[in-house]
Amino acid sequence: MAIGSLVGAVMFNFNLKAVVLAAVVAHVAAQSPQYGQCGGIGWSGATTCTSGWTCTYSNPYYSQCLPGASTSSTTSKSSTTTSSTTKSTTTTSSTTKSTTTTTTSSTSKSTSTTTSTTSTTSTTSTSPSGTATAGPTGPTLLPNNLWIRAVEAPNFHKYLQSSVSGQPGPAVFGSYTTAAQFQIVNGQLEQQLGGGAVLYLNVTPQNSTTQTYLSTFFSTTAPTTGTWAFQGDGLTWTAPGVSRQNNGAFLACGDATTPSVNINLGAYAYMTPAGCADETLNYYNGATAVN
């Protein structure tokens with residue numbers, strides 16, 4: 001009788017450890033990858049990110065795993081605002097002036113921003129910050145490069161580019177003044193940065209058959225699946241296991257000025273998701289990008 005009780009207790013402890021281990025594995029597997037989608041209207045995939053990455057809101061239809069916000073400034077100017085029940089603002093200058101202001105507030109907003117003249121990292125999708133007349137490689141199309149732009153209203157002749165000019169992050173339709181230049185090399189769409197450096201246009205994995213679109217982002221790492229190509233002058237994307245009714249159909253979603261670029265998994269111009277517009281993308285090989 002005592003031996004049977006002992007065996008039962010051992011089996012119970014073993015089963016309990018197996019359940020705990022399975023729960024831990026399931027939690028890790030449910031995390032979105034670096035630069036992957038982690039939220040948004042219609043999103044049914046993972047909502048947490050891998051260690052060191054944060055699920056960052058971009059627009060109602062798209063949140064993305066991005067590195068933590070951090071910047072530094074050679075002007076020695078910094079601003080920090082933090083509040084839960086108290087809002088505090090501190091401004092310090094490295095010259096001879098120092099001012100501290102504290103105001104009591106009932107807000108729950110916490111913001112931390114640091115700027116740098118040497119390097120910048122942002123966790124939000126903002127308007128491109130290239131120069132007034134050029135993207136990361138300048139205003140004149142370089143040999144073997146192409147501009148890529150939308151050709152449908154309401155984003156007619158908005159150009160494919162990073163949300164922050166020349167930086168990894170969400171892909172957007174933006175102004176011709178900050179247009180990026182591209183090449184397709186071995187099925188990869190490469191944004192040219194100059195000096196041989198490139199950013200690869202990635203597509204977030206499909207996590208559910210009910211998804212209507214897949215978000216895109218630029219990364220220093222080439223994707224392991226999916227093929228970009230031109231059919232005539234139109235841009236297409238295909239991938240094993242991803243069913244598409246139109247390989248050249250895209251969606252512009254969110255912000256009206258610089259909407260995000262998404263792969264349309266449904267029919268073109270039919271049951272378009274709320275907050276999105278149907279788009280097709282064509283290359284343009286004129287000497288300069290035009291509106």
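Domain bounds in this talk come from an automatic or database domain assignment. Keep that in mind. The model we are looking at is predicted.

Start with the empty space. Rolling a probe the size of a water molecule over the atoms shows where empty space is left. How many cavities of 30 Å³ or more does the structure hold? There are 2. The largest cavity contains about 60 Å³ of space.

Who lines the largest cavity? From the early part of the chain we get Gln-37, Ile-41, Gly-42, Trp-43 and Tyr-61. Further along, Gln-211, Thr-212 and Tyr-213 join the lining. Count by type: 4 of the lining residues are nonpolar, 4 are polar, and none is charged. Now the domains come in. Domain 1 (24-69) gives at least three residues to this lining, and domain 2 (130-290) also gives at least three.

Next, the largest pocket. Its volume is about 450 Å³. Its lining has 24 residues. Which of them lie nearest the centre? They are Asn-202, Val-203, Pro-205, Phe-217 and Pro-223. Two strands take part: β13 (197-203) and β14 (213-219) each supply at least two lining residues. By type, the pocket lining has 14 nonpolar residues, 10 polar ones and no charged ones. Where does the largest pocket lie? Domain 1 (24-69) and domain 2 (130-290) both contribute to its lining, so the pocket lies between them.

Now to the strands. Strands of a sheet pair through backbone hydrogen bonds, either parallel or antiparallel.

First sheet. It is open, has 3 strands, and the order is β1-β3-β2. The pairing is antiparallel. Why does one side of β1 and of β2 have no neighbour in the sheet? β1 (37-39) and β2 (53-59) stand at the edges with a single partner strand each, so one side of each is left without a neighbour. On average, neighbouring strands of this sheet are turned by 45° against each other, with direction ignored. Look at β2 and β3 (residues 62-67): 6 bridges join them. Across that pair, Cys-55 stands opposite Cys-65 in β3.

Move on to β17, residues 250-253. Are its faces covered or open? Both are covered. Phe-250 and Ala-252 are buried on one side, and Leu-251 and Cys-253 are buried on the other.

β17 has partners to show you. With β18 (residues 260-264), β17 runs antiparallel over 4 bridges. Phe-250 has Ile-263 as its bridge partner in β18. Leu-251 faces Asn-262 in β18. These two strands form a hairpin with 6 residues between them, and there Gly-254 takes a positive phi near 90°. With β19 (residues 276-279), β17 also runs antiparallel, again over 4 bridges. In β19, Leu-251 stands opposite Asp-278. Put those together: Leu-251 has Asn-262 opposite in β18 and Asp-278 opposite in β19.

Now β18. How many of its 5 residues are buried? The count is 5. Ser-260, Asn-262 and Asn-264 sit on one side, and Val-261 and Ile-263 on the other. Both faces are covered.

β18 also pairs with β14, in the antiparallel sense, over 3 bridges. There, Leu-214 stands opposite Ile-263. You have met Ile-263 already, as the bridge partner of Phe-250. You have met β14 too, as a supplier of residues to the lining of the largest pocket.

To close, take the pocket home with you: it lies between domain 1 (24-69) and domain 2 (130-290), because both give residues to its lining. Thank you.

Methods
Residues are numbered from 1 along each chain as its sequence is written. This is a predicted model: local features need pLDDT of at least 70, side-chain atom pairs count only at pLDDT 80 or more; totals for chains, interfaces and linings use all residues. Side-chain values use heavy atoms; hydrogens and water are left out. On a 1 Å grid over the protein atoms alone, a cavity is a set of points where a 1.4 Å probe fits but cannot get out, and a pocket is an open set with protein on both sides within 12 Å along at least five of seven lines; lining residues have an atom within 4 Å of a point. Grid points are joined across faces, edges and corners, and a volume is the space filled by probe spheres set on the points. Ala, Val, Leu, Ile, Met, Phe, Trp, Tyr, Cys and Pro count as nonpolar, Asp, Glu, Lys and Arg as charged, and the others, Gly among them, as polar. Two strands pair if DSSP finds at least two bridges between them. Axes are lines fitted to C-alpha atoms, for helices over the stretch in contact, and angles run from 0 to 180 degrees between N-to-C directions. Buried means under 20% relative accessible area, exposed over 50%, partly exposed in between (1.4 Å probe, protein chains only).
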